[in-house]
Amino acid sequence: MSMDVVGRFFFRFRGQIPVLFLASSVLLSFFFENQIVDIQHIRMFYGVAYGLMILGMIFRCFTVGFAKEHSSGRNRHAQVAENLNTLGAYSMMQHPLYFSNSLLWIGAAMMSNQWIIIGCSVLMCIVLLPIIISEETMFLSKHFGEEYHRWKRQTPCFFPNPFLYIAPKTSFQWIRLLATEYPTWISICCAVFILQEVCNYLMKGSFVWESSYYGVDIVTGKQIGRAHV
């Protein structure tokens, strides 16, 4: 199987592959339980996790809201782009959406408080993202030519450089953001709930389906704390 075929496959299923990684790591965690922090430090740990997810979501919303019309989006079968994004988030890095996704994946994985789930999340970023980025790079290089290469030479690939920031010339597109990003919001909320349930089960030996999980307790960790008082 050629690398082109592998790249197209990973690009097409880039939304489903993280789910498989998550499901596999959750199953492994039941056989190889290895908690990161104890109950006394779980609130601080969750605070870091939520901080990563909030930062990732803000950055993703900023990127999508200021992206040019008819630029690359949620295309599955083939890459499509009529305009090249070079301003806003794209002036600081070439792949702001994948950077945001990494923060979201790792932050959500931290809700499990399990080394193996977080390790699988980091491994997914290391393995999956370079393949997808390589596939996009080939497409953009062929489609935009020198315009793309000029922007690529002066823009970091993955980690942002805020000193390179250039303000976008378009207004923030709230309607497009709400229309396209709700699957991401739903996915992250579901992942957080599932992984915190996994954490609760591995720490106290049973699942707890209570409405209080949807309030302040999901942030503070009080639900788990009460189980051990």
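Contact here means heavy atoms within 4.5 Å.

**Figure 1. Overview of the protein chain in the predicted model.** Of the contacts in the protein chain with a separation of 6 or more, 78% are accounted for by residues 24 or more positions apart. The chain has 9 helices and 0 strands, and its elements run α-α-α-α-α-α-α-α-α from the N terminus on. Buried residues make up 45% of the 229 residues. The views that follow take up helix pairs and single residues.

**Figure 2. Packing of helix H3 (residues 42-66) and H4.** The two helices pack at an angle of about 155 degrees, and their axes are 8 Å apart. Angles over 145 degrees count as roughly antiparallel, and H3 and H4 are therefore roughly antiparallel to each other. Their crossing is left-handed. Sorted by class, the contact of H3 with H4 has 18 nonpolar, 5 polar and 1 charged residues.

**Figure 3. Surroundings of Ser100 in helix H4.** Is Ser100 buried or exposed? Ser100 counts as buried because its relative accessibility is 0%. Leaving out residues up to four places away in sequence, Ser100 touches Gly56, Phe59 and Arg60. Met53 lies 47 residues from Ser100 in sequence, and the C-alpha to C-alpha distance between Ser100 and Met53 is 8.5 Å.

**Figure 4. Packing of H4 and H5.** The axes of H4 and H5 come within 9 Å and cross at roughly 165 degrees. The two helices are therefore roughly antiparallel to each other, and their crossing is right-handed. On the H4 side, the residues that meet H5 are Tyr98, Ser102, Trp105, Ile106, Ala109 and Met110. The H5 residues they meet include Ile117, Ile118, Ser121, Val122, Met124 and Cys125. Leu128, Leu129, Ile132, Ile133 and Glu136 in H5 also belong to this contact. By class, the residues of the contact of H4 with H5 divide into 14 nonpolar, 2 polar and 1 charged.

**Figure 5. Asn113 in the loop between helix H4 (96-110) and helix H5 (115-144).** What is notable about the phi of Asn113, a residue other than glycine? The phi of Asn113 is near 60 degrees, a positive value. Most residues other than glycine have a negative phi. Asn113 is buried, with a relative accessible area of 0%.

**Figure 6. Packing of H5 and helix H6 (residues 146-153).** The axes of H5 and H6 come within 6 Å, and they cross at roughly 130 degrees. This angle falls outside the range of 65 to 115 degrees for roughly perpendicular and is not over 145 degrees, and H5 and H6 are therefore oblique to each other. Which residues of H5 and H6 meet? From H5 they are Thr137, Leu140, Ser141 and Phe144, and from H6 they are Glu146, Glu147, Tyr148, His149 and Lys152. The contact of H5 with H6 has 3 nonpolar, 3 polar and 3 charged residues by class.

**Figure 7. Surroundings of Trp185 in helix H7 (residues 174-204).** Trp185 counts as partly exposed because its relative accessibility is 26%. Neighbours within four places in sequence aside, Trp185 is in contact with Met57, Cys61, Leu177 and Leu178. Met57 and Trp185 are 128 residues apart along the chain, and their C-alpha atoms are separated by 8.3 Å. Cys61, one of the contacts of Trp185, is buried, with a relative accessible area of 15%.

**Figure 8. Cys189 and the search for disulfides.** How many disulfides does a search of the whole structure find? The search finds 0 disulfides. Cys189 is in no disulfide, and the nearest cysteine sulfur, that of Cys190, is 7.0 Å away. A disulfide calls for a pair of cysteine sulfur atoms within 2.5 Å. Cys189 is exposed, with a relative accessible area of 54%.

Conventions. Residues numbered from 1 in each chain as written. Predicted model: local features only at pLDDT ≥ 70, side-chain atom pairs only at ≥ 80, totals over all residues. Heavy atoms only, no water. Buried < 20%, exposed > 50% of the residue type's maximum accessible area, 1.4 Å probe, protein only. Helix = DSSP H or I, 4+ residues; strand = E, 2+ residues; numbered from the N terminus. Axes fitted to C-alpha atoms, helices over the stretch in contact; angles between N-to-C directions. Parallel < 35°, antiparallel > 145°, perpendicular 65-115°, else oblique. Left-handed = near helix turned anticlockwise from the far one by under 90°. Nonpolar A, V, L, I, M, F, W, Y, C, P; charged D, E, K, R; others polar.
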